[in-house]
Amino acid sequence: MLFDFIPYLSYKKRGENMQKLLSNRLEDNYSDLNDKFLDCPDIKRQRTHLKDGCPTLIIYVEGLTDINLLQRDIIPKLQELNSTEVFDENMQTVRLPVASVSISNEFNLAVTDILSGKTVIFINGFDVAISLSVIKVEKRSISEPTIEKNVKGPQEAFIESINTNISILRRKIKNDRLKFKTFTLGEITNQKAAIAYIEGITNPEILETMHQKVKDINYDEITGIASIEQLIADNQITPFPHYLATERPDKVVSNLLEGKLAIFVDGTPFVLIAPVSFFSFMQAPDDYLGNWAVHSLNRLLRFFGLIIALFLPALYIAIVSYHYYMIPLNLLIPLAESRARVPFPPIIEVLILETTLEMLREATIRLPTYIAASVGVVGGLIIGQAAVDAGIVSNIIIIVVAITAIASFLIPNYDMALTIRYIRFIVMFFASIFGIIGVIICGVFLIAHLVVLESMGEPYFKPMFPFNRSDFKDILLRPQLKNMRKRPSTAKPLDKIRGGKR
Amino acid sequence: MKKLLKMVTILIVCSLLLSGCWDQRVFEQVGFTLSYGIEESQDGKLLITSAYPVIGGVEKGSVDIITTKSSLTRGGRNNMRLMTPKLIEGGKVQQVLISDSLAKKGIHDLLEIFQRDVTLPAIAFVVITEGSPGELLKKANEFKSKPRVSFYIYQLLENNVKLSNIPNTKVFDFDINFFAPGLDPIVPMVKVEDEQIKITGCALFSDDKMSGRLNNKESNLLIGLMNQLNNSDFIFSDPKFADKDGDKQGVAVTMFKPKRKISINFDEEGIPSVEINMKYKCNIDEFEWDDTMDPKVQTDLEKTFGDNLTTMSNEIIKKLQTVNCDPIGIGDMIRAKYYDYWKSIDWKEMYPKADIKVSTKVEIGNVGIIK
């Protein structure tokens with residue numbers, strides 16, 4: 001008994017040739033399963049018998065199975081059958097009122113089926129297991145997106161269940177060309193995962209590379225979609241996200257249609273899109289849902305916000321510390337007056353306020369909403385008035401930090417916003433040592449870094465460098481839809497033109 | 001990765017511990033001079049006056065004005081640093097005020113420091129004061145109803161440059177015009193007059209020495225001849241324009257950017273004869289109540305305006321030739337077009353002899369909504 005699991009282990013090691021098969025004696029199967037599921041009280045092992053008294057074993061996981069259905073429709077039907085009547089002549093189908101049934105004679109397959117929530121039936125005298133899909137998992141309903149809100153687009157987001165997520169996608173793309181490559185991830189958690197792609201658009205090379213990379217992940221569990229990104233990213237030092245995580249199905253659809261891949265993992269409401277460029281993180285689905293001129297302005301505003309969020313506090317530090325002559329004459333005296341009471345050098349002044357703001361931001365994420373509101377009030381008061389009155393910071397820095405914060409909220413992607421925030425601090429330190437030259441050097445390094453980065457072998461800074469004219473249209477501005485006939489070249493799509501051939 | 005961590009740590013530590021070292025100039029600790037006044041002291045040295053706004057002082061809006069004696073412009077700053085709580089810096093200088101008596105001896109050497117020291121702005125105005133600039137700054141500082149003195153002078157100059165009353169002479173303009181062989185700089189002049197600083201016209205320079213001056217009306221026209229006039233208000237004050245009652249003795253017009261044509265010829269002796277054709281367009285703003293709608297009246301007026309301006313312009317040219325100042329750049333044009341000729345002459349000697357004629361035409365665009 002003790003060494004029963006050794007063959008299983010060795011089969012794992014030696015490859016899939018050595019498969020443990022089921023016995024046709026129910027008792028043998030029962031004791032094997034009992035060993036396997038020792039100390040697993042949630043796995044119910046129910047003995048019953050058929051009409052002719054043949055002993056039968058029903059195994060299911062409590063909480064993953066639709067108990068009502070099982071009790072009302074399946075077990076009574078089963079008990080009315082003779083053991084000879086359960087299967088047809090070829091042992092291919094089962095006479096049970098269930099839509100999804102599979103029959104196998106492998107022990108491990110049966111175990112996997114049980115663990116994934118299927119109800120498995122063993123009948124004495126048959127060396128097979130019947131897996132019935134009567135799964136009913138507790139899951140939350142599809143709700144509004146929480147971190148990627150928009151105005152006019154669809155108001156639904158992915159949820160934790162991969163099956164629901166895939167069904168959402170299928171509902172949106174009613175086409176047989178939408179394909180999924182499925183596999184399991186997590187050495188212990190055995191999570192279901194899928195790569196969605198569109199046949200005929202997605203470049204098979206990219207698909208193959210990604211499939212291989214993700215399949216080869218050797219890790220206990222995949223907590224969130226970002227784990228995948230961290231485990232397969234080429235450059236581990238860069239703060240920039242390599243792939244785009246989104247909770248919006250419409251975003252996934254539009255990216256799939258550009259030839260990109262979407263990675264779904266069970267247990268996370270986020271989907272990873274690859275390959276992407278830096279500018280994908282600056283686009284919002286709203287951009288495409290209205291007049292092109294208006295939304296072009298929005299785009300420009302966002303890029304302006306990006307630059308402000310990166311450089312404004314650093315510029316303040318540099319100018320105040322080194323380059324007083326850059327300040328316009330009319331601003332010079334009010335600025336100097338407000339700085340005159342502050343005992344700290346500008347870098348400390350900015351750090352005090354920036355850190356306070358970051359703490360406030362971090363605190364409000366974790367706190368329950370009703371406390372978070374009062375934190376906002378306290379923080380606002382402290383930052384807003386008291387710090388100036390006490391002479392710890394100047395009036396101007398409050399404006400600078402506030403504008404920076406607002407600008408950084410403009411960045412539509414959460415990961416990118418965090419990255420920008422992180423880089424802002426580096427630029428600030430450089431500015432405090434080298435002045436405006438430090439800011440410029442930082443900018444140069446930043447661009448150099450972005451140019452070197454790759455997302456799945458594709459240049460990260462693509463339409464800018466290497467320059468691509470037709471892609472570039474959709475970067476700073478948003479052209480009219482009919483002028484965007486060509487799919488972006490980021491994912492090297494097979495079919496380069498949008499729309500059918502007419 | 002470890003290397004990166006080390007670098008980042010060093011960076012953060014440096015920025016926290018070393019801020020305040022190196023060449024950091026936190027601006028509330030800097031006394032940024034906004035106006036420099038340069039004049040001659042009795043013993044032949046320079047008297048340098050500097051005005052910088054007091055930051056964090058007891059009284060709001062106050063300006064500290066310090067005068068020191070030195071033989072160099074830079075020496076003034078060094079002496080001031082020995083007296084003030086703040087680090088005196090010149091990075092934000094808005095005006096350099098130079099006394100007219102000093103200007104007559106040549107001022108380029110005084111401005112030389114603006115070319116050497118990169119921190120000094122080349123966009124500061126050069127201004128000639130009638131009398132001592134130090135006195136002007138001190139007096140202007142006591143005006144209760146005016147902004148801080150440097151701001152006052154700056155705004156005054158800016159507005160009048162826009163109205164084409166004075167030339168836009170910044171330090172770099174002065175330098176360019178000084179170094180160009182066929183060009184001479186002109187510089188606005190100011191003086192203090194009953195609780196005001198008043199623009200009194202412009203100073204004419206021959207090389208870098210002040211050699212003459214023009215009044216406000218004349219400088220307005222000169223700027224027109226220099227082709228730098230935008231819109232300007234001009235008043236023809238002549239008894240010829242008197243209305244029936246005789247109280248209004250003139251016409252007020254708005255003049256627009258003129259068209260200028262210069263043709264240069266040489267007579268047998270090699271003396272250049274220059275014709276400057278100016279074509280102004282103007283709107284009538286104030287005149288007597290009459291039939292200005294009538295085309296014939298308009299043509300007459302246009303002719304009278306043109307004659308009036310021609311006479312005045314020719315007078316200005318005469319003046320310029322007497323003081324040997326060529327701000328229009330006729331020499332520059334000859335140098336560009338007739339270089340062989342230019343090499344054969346000394347322009348400074350030739351310019352007063354040159355035959356320069358201005359003829360002006362005026363076209364009335366609009367007589368107002370009068371009917």
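**Sheet, domains and a helix crossing**

Mentor: In this predicted model, strand β9 (residues 196-206) of chain B pairs with β10(B) in the antiparallel sense, over five bridges.

Trainee: What makes β9 and β10 of chain B a pair of strands?

Mentor: Two strands count as a pair if DSSP finds at least two bridges between them, and β9(B) and β10(B) have five, so the criterion is met. One of the residues involved is B:Ala203, whose bridge partner in β10(B) is B:Arg213.

Trainee: In what order do the strands of the open sheet in chain B run?

Mentor: The eight strands follow the order β4-β3-β2-β6-β7-β8-β9-β10 (chain B), and their pairing is mixed.

Trainee: Why are β4 and β10 of chain B said to stand at the edges?

Mentor: β4 (63-70) and β10 (209-214) of chain B each have a single partner strand, so one side of each is left without a neighbour in the sheet. Between neighbouring strands of this sheet the turn is 30 degrees on average, with direction ignored.

Trainee: Which helix of chain B packs on the sheet, and which strands are touched?

Mentor: Helix α5 (residues 133-141) of chain B does so, touching β2 (35-40), β3 (46-53), β4, β6 (95-99), β7 (125-129), β8 (186-193) and β9 of chain B, and its direction makes about 140 degrees with that of β2(B).

Trainee: Turning to chain A, why are α5(A) and α8(A) called oblique rather than roughly perpendicular?

Mentor: Helix α5 (residues 162-172) and helix α8 (residues 249-256) of chain A pack at an angle of about 60 degrees, with their axes 10 Å apart. The roughly parallel class holds angles under 35 degrees and the roughly perpendicular class those from 65 to 115, so the angle of about 60 degrees falls in neither, and the two helices are therefore oblique to each other.

Trainee: Is their crossing left-handed or right-handed, and which residues meet there?

Mentor: The crossing of α5(A) and α8(A) is right-handed, and A:Ile168, A:Leu169 and A:Lys172 in α5(A) meet A:Pro249, A:Val252 and A:Val253 in α8(A). By class, this contact of α5(A) with α8(A) has five nonpolar, no polar and one charged residues.

Trainee: How do you know that domain 2 of chain A touches domain 3 of chain A?

Mentor: Residues are in contact if their C-beta atoms lie within 7 Å, and 14 residues of domain 2 of chain A are in contact with 11 residues of domain 3 of chain A. On the domain 2 side, α6 (204-215) and β8 (244-246) of chain A each supply at least two residues, and α6(A) gives the most, with three. By class, that side has nine nonpolar, four polar and one charged residues.

How values were computed. Residues are numbered from 1 along each chain as its sequence is written. Chains are lettered from A and ligands numbered from 1 in the order in which they are written. This is a predicted model: local features need pLDDT of at least 70, side-chain atom pairs count only at pLDDT 80 or more; totals for chains, interfaces and linings use all residues. Helices (H or I, at least four residues) and strands (E, at least two) are DSSP runs, numbered from the N terminus. Axes are lines fitted to C-alpha atoms, for helices over the stretch in contact, and angles run from 0 to 180 degrees between N-to-C directions. Two residues are in contact if their C-beta atoms, placed from the backbone, lie within 7 Å. Ala, Val, Leu, Ile, Met, Phe, Trp, Tyr, Cys and Pro count as nonpolar, Asp, Glu, Lys and Arg as charged, and the others, Gly among them, as polar. Angles under 35 degrees count as roughly parallel, over 145 as roughly antiparallel, 65 to 115 as roughly perpendicular and the rest as oblique. A crossing is left-handed if the near helix is turned anticlockwise from the far one by less than a right angle, and right-handed if clockwise.
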